[in-house]
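Open the model in your viewer and keep the selection tool at hand. This tour tells you what to pick next and what you will find there.

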Amino acid sequence: MQIVRFTEQHWDEVREIYNQGIESRNATFETEVPGLATWHEKFHREHLWVALAGNRVTGWAGLQPVSARKVYAGVAEVTVYVHTGFAGKGVGTALVRHLIQNSENAGIWTLYASIFPENTASIRLHVNHGFREIGYRERIAQLDGNWRNTILFERRSKKTGV
């Protein structure tokens, strides 16, 4: 497996994987995949990666700013998605390790994640990589007319911002 920076040539496969997460109803509040231009606005371009098996995208991960305020430049929200056909095969682990290393090299001191309680695989992935639960948001938003909760996780760098 190889982790490379996201380029527009990966977009169709990334869109498909994100749509799988949308359809699961346990990965995001989104109900449709945004367009590529919106995608570029949402993520730090230098922290948007894909996992490849050969030439096939098996997963993707990215960091999003949590605020436009300069004081929060070292805090980013983690997003990780794995193609359903590659779940449990180390793709998520490789992507999270890559995000952690690259975020620390870029001076990011806090990684943040908001995860549905039902998404136990994602919770396990984050906890296994040093994220700790920091909060619970009850009935934070609706998905398909149903109120949903999220659990908040944080990973503080031991190298940056200490």
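The stops below go from the whole chain to single residues.

**The whole chain**

Start with a cartoon view of this predicted model. Count four helices and seven strands. From one end of the sequence to the other, the pattern reads β-α-α-β-β-β-α-β-α-β-β. The radius of gyration is 15 Å, close to the 15 Å that the globule rule gives for 162 residues, so the chain is as compact as a globular protein of that length. Its C-alpha atoms fill a box of roughly 40 × 40 × 30 Å along the principal axes.

Now switch on the surface. The chain exposes about 8,800 Å². Carbon and sulfur atoms supply 46% of that area. Of the 162 residues, 45% count as buried. Contacts reach far along the sequence too: among those with a separation of 6 or more, 62% join residues 24 or more positions apart.

**The largest core**

Hide the surface. Select L63, V78, V80, L99, L111 and F153. These have the most contacts inside the largest nonpolar core, which has 22 residues. Next, colour the elements that give two or more residues to this core: strand 2 (48–53), strand 3 (56–65), strand 4 (75–82), helix 3 (91–105), strand 5 (110–115), helix 4 (120–127) and strand 7 (146–156). Which element gives the most to this core? Helix 3 does, with five residues.

Centre on L111. Leaving aside residues up to four places away in sequence, L111 touches L63, A76, V78, I100, S103, F131, F153, E154 and R155. Apart from this core lies another, of 16 residues. Pick out V33, W39, F43 and V50, which are among them. As a general rule, nonpolar side chains in soluble globular proteins tend to be buried together.

**Aromatic rings**

Show the aromatic side chains. The structure holds ten aromatic pairs. Zoom in on W60 and Y81. Why does this pair count as stacked? The ring centres are 5.0 Å apart and the planes lie at 5°, so the pair is stacked. W60 lies in strand 3 and Y81 in strand 4, so the pair ties together parts that are 21 residues apart in sequence. Are W60 and Y81 buried or exposed? Both are buried.

Widen the selection to F6, W11, Y18, W39, F43, W60 and Y81. Together they form one aromatic cluster.

**Charges over rings**

Select K89 and F86. The charged end of K89 sits over the ring of F86, 5.7 Å from the ring centre. Then move to R148 and F116. Here R148 lies over the face of F116, at 4.1 Å from the ring centre.

**R97 and H129**

Return to helix 3 and pick R97. R97 is exposed, with a relative accessible area of 55%. Draw a C-alpha to C-alpha distance from R97 to H129: the viewer should give 7.5 Å. In sequence, R97 and H129 are 32 residues apart.

**Two positive phi angles**

Most residues other than glycine have a negative phi. The last two stops have a positive one. Select R139, in strand 6 (residues 132–143). R139 is not a glycine, yet its phi is positive, at about 50°. With 47% relative accessibility, R139 counts as partly exposed.

Finish at D144, in the loop between strand 6 and strand 7. D144 is not a glycine either, and its phi is also positive, at about 55°.

Note on methods. Residues numbered from 1 in each chain as written. Predicted model: local features only at pLDDT ≥ 70, side-chain atom pairs only at ≥ 80, totals over all residues. Heavy atoms only, no water. Core = buried A, V, L, I, M, F, W, Y, C linked by side-chain atoms within 4.5 Å. Buried < 20%, exposed > 50% of the residue type's maximum accessible area, 1.4 Å probe, protein only. Contact = heavy atoms within 4.5 Å. Phe/Tyr/Trp six-rings, centres within 6.5 Å; stacked < 30°, edge-to-face > 60°. Lys NZ or Arg CZ within 6 Å of the ring centre and 35° of its normal. Rg over C-alpha atoms; globule rule 2.2 N^0.38 Å. Areas by Shrake-Rupley, 256 points an atom, 1.4 Å probe, with all protein chains shown as cover.
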